[in-house]
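Reader: Hello! Could you take me on a close look at the part around the core and the pocket, and explain your terms as you go?

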Amino acid sequence: MTAGGKPNKEGRRITPNSETRASIESGDYQIHYEIQNGIVYFVICEKNYPRKLAFSYLQEIAREFQISHGTDAMRMDVRPYAYVSFDNYMQKTKKLYQDARAQSNLDKLNSELADVKSVLHKNIEDLLYRGDNLDKMSEVSSNIRMESSKYRKAARKINFDLLIKQYAPIVGLGLFFVFFIWFKFLRG
């Protein structure tokens with residue numbers, strides 16, 4: 001079966017091409033399985049048992065099995081009941097997951113994770129917004145620099161024009177007076 005519950009090409013067998021994680025409904029029960037490192041971990045639960053909790057249980061079992069027996073599990077000469085001692089860990093973990101508090105703790109943990117995720121999402125958006133603002137500010141400052149150089153040139157021209165308008169009549173009158181004196185008295 002695939003993750004959606006539809007039969008895979010091989011029928012009801014799990015193969016290397018099967019989904020690595022899936023749920024299969026069977027009457028009042030669901031079979032949840034997860035494949036890690038070539039080992040299939042599965043649990044049979046009542047239909048109303050939360051899927052997330054079932055997969056959380058499978059991940060915890062898989063993690064502990066890999067720590068305890070991971071390298072030995074892939075050997076071919078292992079006896080069929082070599083891992084019976086692992087049953088103690090599975091029973092303890094099963095009791096924890098059957099406890100109603102485990103569900104509420106998992107819900108609380110999920111809500112806290114969702115809060116952290118939203119805060120991180122907001123922080124990333126803020127950083128991207130700041131980056132956009134910094135890019136815009138850099139562009140604006142470049143435009144201001146170019147405009148200020150234009151205004152500086154225009155201000156120099158206006159000041160020069162103002163000087164000419166202010167002193168041109170006096171200089172013109174002075175030159176006329178000097179020319180007049182030269183023409184009348186110094187010419188000869």
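Author: Happily! Let us begin with a term: a contact means heavy atoms within 4.5 Å. By that rule, and not counting residues up to four places away in sequence, Leu-58 touches His-32, Tyr-33, Glu-34, Tyr-41, Phe-42 and Val-43.

A word on the source: this is a predicted model, in which local features need pLDDT of at least 70, side-chain atom pairs count only at pLDDT 80 or more, and totals for chains, interfaces and linings use all residues. Residues are numbered from 1 along each chain as its sequence is written, and side-chain values use heavy atoms, with hydrogens and water left out.

Leu-58 also belongs to the largest nonpolar core, which has 14 residues. Such a core is a set of buried Ala, Val, Leu, Ile, Met, Phe, Trp, Tyr and Cys residues joined through side-chain atoms within 4.5 Å. Here buried means under 20% relative accessible area, exposed over 50%, and partly exposed in between (1.4 Å probe, protein chains only). With Leu-58, the residues with the most contacts inside this core are Tyr-41, Val-43, Tyr-57, Ile-61 and Phe-65. At least two core residues come from each of strand S3 (39–46), helix H1 (51–69) and helix H2 (86–98). H1 gives the most, with 8 residues. These labels are DSSP runs numbered from the N terminus: helices (H or I) have at least four residues and strands (E) at least two.

Now for the largest pocket, with a volume of about 630 Å³. On a 1 Å grid over the protein atoms alone, a pocket is an open set of points where a 1.4 Å probe fits, with protein on both sides within 12 Å along at least five of seven lines; lining residues have an atom within 4 Å of a point. Grid points are joined across faces, edges and corners, and the volume is the space filled by probe spheres set on them. Of its 24 lining residues, Phe-42, Val-43, Tyr-57, Ile-61 and Met-90 are the closest to the centre. S3, H1 and H2 are the elements that give two or more residues to the lining, and S3 gives the most, with 8.

Just before S3, the loop from strand S2 (29–36) holds Asn-37. Asn-37 has a positive phi of about 55° although it is not a glycine, and at 54% relative accessibility it counts as exposed.
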